[in-house]
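Student: I have a chain open on my screen and would like to go through it step by step. Can we begin with its charged side chains and then turn to the chain as a whole?

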Amino acid sequence: MSNNINIYNQLADMYDTLHPGRDADKFFYSELVSCPAMDVLDVACGTGILTKELSNTDARVTGIDGSPAMLKIAQARLPNLRFYNADMRDFNLGETFDLIICCNNTIQHLETDKEIVSTLSSMRRHLKRGGRIAFDIFNPSTEYLANERLNIAMRRIHNSEGSTQILYEDTSYDSTNALLSLTWRIVDENFGTILRESSCTMRQIFPEELDSILFAAGLTSIAVYGDFDRSPFLGSAPRQVVLAEVFR
């Protein structure tokens, strides 16, 4: 997990540009705030994109993240909110929340079952009675994972100075450990110069694993959707969008 923080420290100033089109997840998670008096914890809040949306509901929102560079941007964006630099695998804020979210596939940066269970257990310990946890992860595509991908142009980035950069991606998959390795390179389109390069891993969590992972953390699913539109989860769904509560 610690190595995966590096990509966020190194690309923090570009994170919002590299992750456009967040309307669907903003809407989904904001709708989970059922009343303005709710206490909400945004785990791995990043630059505060979703944190801001949640705060617009008038809920009391707190954010934690393991990347100081990302938190600096979040704090500048939302100076009146509380943010903490904390490791999501084992944190203790000394308070509880009605809703805890972890968005944008962040749980997949946890490389082992032990880390995933520890993170979900830390969230559970911070739940008020009747509280809920919500998170999203990709639904692994065996077709995507089967082939190594090298130097794939993902998108063009137009910066404020008028130049254009291209994001390239390499991927390879370790089926034994269910780990997808990704390398991102940001290249100047005119000169071909590599401006940034960073790597991370993403644990592939298959649908048949989900219930046992939740159970090990003392949780059970309320619902699993196939996307942020609350469509039913099917084998071909792009995501696993999970609502969970304490197992009783």
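Student: Which residue forms a salt bridge with Arg 185?

Tutor: Keep in mind that this is a predicted model. Side chains of opposite charge can pair when their charged atoms come close. For Arg 185, the closest N and O atoms of the pair are 2.7 Å apart, and the partner is Asp 170.

Student: In which strands do Arg 185 and Asp 170 lie?

Tutor: The two residues are 15 positions apart and link distant parts of the chain. Both Arg 185 and Asp 170 are buried. Asp 170 belongs to residues 164-174 and Arg 185 to residues 179-188, which are strand E7 and strand E8.

Student: What is found in the loop between E7 and E8?

Tutor: One residue to look at there has a phi near 55°, a positive value in a residue other than glycine. Most residues other than glycine have a negative phi. This loop residue counts as buried because its relative accessibility is 10%, under the cut-off of 20%. The residue is Ala 178.

Student: Is Asp 58 buried or exposed?

Tutor: Asp 58 has a positive phi too, near 75°. Its place is the loop between helix H4 (49-55) and strand E2 (60-65). The cut-off for the upper class is over 50%, and Asp 58 has 57% relative accessibility, so Asp 58 counts as exposed.

Student: How far apart are the closest N and O atoms of Lys 128 and Asp 39?

Tutor: Lys 128 is in strand E5 (residues 127-138) and Asp 39 is in strand E1 (residues 39-43). The two are 89 residues apart, so the pair links distant parts of the chain. In space they form a salt bridge, and the N to O distance is 2.6 Å.

Student: Which of Lys 128 and Asp 39 counts as buried?

Tutor: Buried means under 20% relative accessible area. Lys 128 has 28%, so Lys 128 is partly exposed. The residue at 14% counts as buried, and that is Asp 39.

Student: Which residues are linked with Asp 39 and Lys 128 in a network of salt bridges?

Tutor: The pair of Lys 128 and Asp 39 is itself a salt bridge. The network takes in two further residues, Arg 60 and Asp 98.

Student: How many salt bridges does the count come to?

Tutor: Another pair in the chain is Arg 89 with Asp 87, at 2.7 Å from N to O. Arg 89 is partly exposed at 21%, and Asp 87 is partly exposed at 34%. The chain has 23 positive and 33 negative charges, with mean positions 6 Å apart. The count of salt bridges comes to 16.

Student: What radius of gyration does the chain have?

Tutor: A compact globule of 248 residues would have a radius of gyration near 18 Å. The C-alpha atoms fill a box of roughly 55 × 45 × 30 Å along the principal axes. The chain agrees with the globule value, because its own radius of gyration is 18 Å.

Student: How much of the chain counts as buried?

Tutor: The chain has eight helices and eleven strands. Among contacts with a separation of 6 or more, 60% are between residues 24 or more positions apart. The accessible surface is about 12,000 Å², of which 48% belongs to carbon and sulfur atoms. Of the 248 residues, the buried share is 49%.

Key
Residues numbered from 1 in each chain as written. Predicted model: local features only at pLDDT ≥ 70, side-chain atom pairs only at ≥ 80, totals over all residues. Heavy atoms only, no water. Helix = DSSP H or I, 4+ residues; strand = E, 2+ residues; numbered from the N terminus. Rg over C-alpha atoms; globule rule 2.2 N^0.38 Å. Buried < 20%, exposed > 50% of the residue type's maximum accessible area, 1.4 Å probe, protein only. Contact = heavy atoms within 4.5 Å. Areas by Shrake-Rupley, 256 points an atom, 1.4 Å probe, with all protein chains shown as cover. Lys, Arg positive; Asp, Glu negative; His and termini not counted. Charge placed at Lys NZ, Arg CZ, Asp CG, Glu CD. Salt bridge = Lys/Arg side-chain N within 4 Å of Asp/Glu carboxyl O.
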